[in-house]
Amino acid sequence: MRGSFFGLNLALRGLYAAQKGLDIVNHNLNNVNTPGFSRQQAVQSAAQPMATYDGRGMIGTGVEVLSVNRVRDEYLDYKYWSEAAASGHWAARKELLGDMEAVFNEPSDSGFTTVMNQFYNALQELSKDPASEAARALVWQTGLTLAKYFNSTAAHLEKLQQDLNYRIRAKVEEVNSLARSIQELNRQIYMAELTGDVANDLRDQRAVMVDRLSKIVNVEAVEVVVGKLPDGREDKHFVVSIGGKPLVDHFRVSRLTLTQRAEKLNEEDVNDLYE
C-alpha cells in the first residue's frame, strides 16, 4: 500500500534522474576538447513497481538511473590500433629515407652521380692521351674528390646509425613508460569496477595510452574473461600484446630492452630489441 508521500517520492525520483542526466550533459560539454574522451549517457529504467493493496495490478514507482555508459565502438578502437601500427611504420621509413636522401645529396651538382661522372670522364680523357700531364692531374683531382665524397658519406651514415640508435632507445623507453601507465590504469579500473560501476573516464585514458602505443609498435589490446566475480559478473583482464607476447597482462608488465648485436657491422653498435 502506498503511503501519504508516495506522489512526492515519485516526483523526487524523477528529479534525481533528471539531475543525473544534467550532470552527465555538463560533464560531456566540459570535456569536448579532452583527447580521447567518449561521450557518456545515462541508462534509465522504470523503478520496481509496487503491488496494490487489493492485488489488482501494480503501481509504477517512477524512474531510476541504472548506469552511465560510454558511447564508444570498441571494434573501431581495435581497427584503429591495427592501422595506426602500419601508419607509424611507414612514417618511420619515410623519415629514415629522407635522412638518407640528404646524406647522398641527390640530385644535385655535388652528389654521387656528378662526382662519379666527373671521375669517369677524366679517365676517358686520360685513355685518349695517357702521356698528358693535364689528363693525369685531372684524374688525380677527380679521384681525390671521389674518395673524399665516399669518406664523407660513410661518416654521415655512421652518424645516422648513431642517431637511429638514440631514437630507438627513446622509443623503447616511451613504450615501457606507456606500458607502466596502462598497468596502473588497469589496477584503478579493476578496483573501481568491482562494485559494479563503470570507470568511463579511466577507460578513456587507457584507450589514449594504447593509441599512442599503437603508433610505435604493432599491438593487440583485448579484454580477456578469466572467470567469474562473486556477484556473478565476468572477471575481465585487459591484455596488451606485441607480436603475440604480453607487454601488459592485467597487473603485470614486461619491459622491452635493447641488447647489442654480437656481430658488429661497423664501429657503431647495432642493437636488437628483446622483451
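Lys-236 is partly exposed, with a relative accessible area of 38%. This residue of the predicted model offers a convenient point of entry. Its side chain meets that of Glu-234 in a salt bridge, with 3.9 Å from N to O. Glu-234 is likewise partly exposed, at a relative accessible area of 41%. Strand S6 spans residues 234-242.

Lys-236 also leads to a pocket. Lys-236 is among the residues closest to the centre of the second largest pocket, together with Glu-193, Val-198, Arg-203 and Glu-223. This pocket holds about 500 Å³ of space, and 24 residues line it. Strand S4 (63-70), H4, H5 and S6 each give two or more residues to that lining. The largest share, five residues, comes from S6. Sorted by class, the lining of the second largest pocket consists of 12 charged, six polar and six nonpolar residues.

Besides its pockets, the model contains enclosed space. Rolling a probe the size of a water molecule over the atoms shows where empty space is left. The structure has one cavity of 30 Å³ or more, and the volume of the largest cavity is about 150 Å³. Which residues line the largest cavity? They are Arg-70, Arg-72, Glu-74, Asp-77, Tyr-78, Trp-81, Arg-203, Arg-206, Ala-207, Glu-223 and Phe-238. Helices H2 and H5 each supply at least two residues of this lining, and H2 gives the most, with four. Seven residues of the cavity lining are charged and four are nonpolar, while none is polar. Arg-203 and Glu-223 appear in the cavity lining and are also among the residues closest to the centre of the second largest pocket.

One residue of the cavity lining deserves separate attention. Arg-206 lines the largest cavity and is located in helix H5. Is Arg-206 buried or exposed? Its relative accessible area is 5%, under the 20% limit, so Arg-206 counts as buried. Apart from its neighbours within four places in sequence, Arg-206 is in contact with Ile-182, Leu-185, Asn-186, Ile-189, Glu-223 and Phe-238. Two of these partners, Glu-223 and Phe-238, also belong to the lining of the largest cavity.

Another of these partners, Ile-182, leads to the nonpolar interior. In soluble globular proteins, nonpolar side chains tend to be buried together. The largest nonpolar core of this model has 23 residues, and Ile-182, Val-210, Leu-213, Val-219, Val-240 and Leu-247 have the most contacts inside it. At least two residues of this core come from each of helix H4 (133-193), helix H5 (200-214), strand S5 (219-228), strand S6 (234-242) and strand S7 (245-249). H4 contributes the most, with seven residues. A second, separate core consists of nine residues, including Val-115, Ala-122, Val-139 and Tyr-149.

Salt bridges link further parts of the structure, which holds 15 of them. One joins Asp-99 to Arg-167, whose closest N and O atoms are 2.8 Å apart. Asp-99 lies in helix H2 (residues 74-104) and Arg-167 in helix H4, so this pair ties together parts that are 68 residues apart in sequence. Asp-99 counts as partly exposed at 23% relative accessibility, and Arg-167 is partly exposed at 32%.

A further salt bridge connects the side chains of Glu-173 and Arg-255, at 4.0 Å from N to O. Because Glu-173 lies in helix H4 and Arg-255 in the loop between strand S8 (252-253) and strand S9 (257-260), this pair ties together parts that are 82 residues apart in sequence. Glu-173 is partly exposed, with a relative accessible area of 44%. Arg-255 is also partly exposed, at 44% relative accessibility. In addition, Arg-70, Arg-72, Asp-77 and Asp-204 are linked in a network of salt bridges. Among these four, Arg-70, Arg-72 and Asp-77 line the largest cavity.

Helix H4 also carries a residue at the surface. Asn-151 lies in this helix and has a relative accessible area of 56%, which means that Asn-151 is exposed. How far apart in space are Asn-151 and Ser-38, C-alpha to C-alpha? The two are 55 Å apart in space and 113 residues apart in sequence.

Key:
Residues are numbered from 1 along each chain as its sequence is written. This is a predicted model: local features need pLDDT of at least 70, side-chain atom pairs count only at pLDDT 80 or more; totals for chains, interfaces and linings use all residues. Side-chain values use heavy atoms; hydrogens and water are left out. A nonpolar core is a set of buried Ala, Val, Leu, Ile, Met, Phe, Trp, Tyr and Cys residues joined through side-chain atoms within 4.5 Å. Buried means under 20% relative accessible area, exposed over 50%, partly exposed in between (1.4 Å probe, protein chains only). On a 1 Å grid over the protein atoms alone, a cavity is a set of points where a 1.4 Å probe fits but cannot get out, and a pocket is an open set with protein on both sides within 12 Å along at least five of seven lines; lining residues have an atom within 4 Å of a point. Grid points are joined across faces, edges and corners, and a volume is the space filled by probe spheres set on the points. Ala, Val, Leu, Ile, Met, Phe, Trp, Tyr, Cys and Pro count as nonpolar, Asp, Glu, Lys and Arg as charged, and the others, Gly among them, as polar. Contact means heavy atoms within 4.5 Å.
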